[in-house]
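Q: Please take a close look at a single part of this model, the aromatic cluster and the charge beside it, and then relate that part to the rest of the chain.

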Amino acid sequence: MGRLRDAQCGCGTVHPTVVGNGDEVRHLKADGRRRSPTAPTRPNGPPCARFTERFRSRTRDEWSAAFDGTDACVAPLLTPGEAPSRPHLADRATFAELGGVLQPAPAPRFSRTPALLTRPPAAAGTETREALRDRGIEDVDALLISGAAHQA
């Protein structure tokens, strides 16, 4: 599964771990206005290379345990299947289940006007025609015929 990778080391860089199969850790700069003199600043500069080398010395779960309970800006990159079980996401009700489908809960969340899921997500391709028309696409039939879009 592909993950969004930030190009700037020190501002949210993803580092592969020892496993090397998508098992990754992301380190973040805590404050965008201040830089520590040793903060990595270039995508391929020596400080960034040192971070990458160091993060490859352990697995993602080992790094996660090492930084757990600290104020360090380091977080494991989770798969969609792992994310709902993380305590901080579960405590914030970041995911909701409706119709047997676990999905991201509606956002934004307001204390006096909670957003509620009213129906499960549509099956892939069931609303393609309507969605394309709603977005101003004029020749929807041509997209469907060419295979660029699919209507179930």
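A: Arg 58 lies over the face of Trp 63, at 4.5 Å from the ring centre; a charge sits over a ring if NZ of Lys or CZ of Arg is within 6 Å of the ring centre and within 35 degrees of the ring normal. The model is predicted, so local features need pLDDT of at least 70 and side-chain atom pairs count only at pLDDT 80 or more, whereas totals for chains, interfaces and linings use all residues. Residues are numbered from 1 along each chain as its sequence is written, and side-chain values use heavy atoms, with hydrogens and water left out.

Trp 63 also takes part in ring pairing. A search of the whole structure finds 2 aromatic pairs, where rings of Phe, Tyr and Trp (its six-membered ring) pair if their centres lie within 6.5 Å, and planes under 30 degrees apart count as stacked, over 60 as edge-to-face and the rest as tilted. The ring centres of Trp 63 and Phe 67 are 5.8 Å apart and their planes stand at 25°, so this pair is stacked. Both residues belong to helix α2 (residues 60-67), where 4 residues, about one turn of the helix, separate them. Helices (H or I, at least four residues) and strands (E, at least two) are DSSP runs, numbered from the N terminus. Trp 63 is buried at a relative accessible area of 6%, while Phe 67 is partly exposed at 24%. Buried means under 20% relative accessible area, exposed over 50%, and partly exposed in between (1.4 Å probe, protein chains only).

Phe 55 joins Trp 63 and Phe 67 in one aromatic cluster. Phe 55 is placed in helix α1 (residues 46-55), and its relative accessible area of 5% makes it buried. Its C-alpha atom lies 6.8 Å from that of Pro 16, although 39 residues separate the two in sequence.

Helix α2 also contains Arg 60, which is buried with a relative accessible area of 7%. A polar atom of the Arg 60 side chain lies 2.8 Å from the backbone oxygen of Leu 77. A polar contact is a pair of N or O atoms within 3.5 Å; within protein, one must be able to donate a hydrogen and the other to accept it, and residues adjacent in sequence count only if both atoms are side-chain atoms.

Further along the chain, Ala 83 is found in the loop between β3 (74-76) and α3 (87-91). Ala 83 is buried, at 12% relative accessible area. Apart from neighbours within four places in sequence, Ala 83 is in contact with Leu 78, Leu 89 and Phe 95, contact meaning heavy atoms within 4.5 Å. The C-alpha atoms of Ala 83 and Phe 95 are 8.8 Å apart, with their positions 12 residues apart along the chain.

Strand β4 (residues 95-98) is joined by 4 bridges to strand β5 (residues 101-104), and the two run antiparallel; two strands pair if DSSP finds at least two bridges between them. Ala 96 stands opposite Gln 103 in β5. The two strands form a hairpin with 2 residues between them, and Gly 99 in the turn has a positive phi of about 65°.

Thr 128 lies in helix α4 (residues 128-134) and counts as buried at 18% relative accessibility. Its side chain reaches the backbone oxygen of His 150 at 2.6 Å. Not counting residues up to four places away in sequence, Thr 128 touches Leu 144, Ala 149, His 150 and Gln 151.

These parts belong to a protein with 5 helices and 5 strands, which follow the pattern β-β-α-α-β-α-β-β-α-α along the sequence. Of its 152 residues, 23% count as buried. Among contacts with a separation of 6 or more, 37% come from residues 24 or more positions apart. The protein exposes about 10800 Å², of which carbon and sulfur atoms supply 54%; accessible areas come from the Shrake-Rupley method with a 1.4 Å probe, and for residues only the protein chains shown count as cover.
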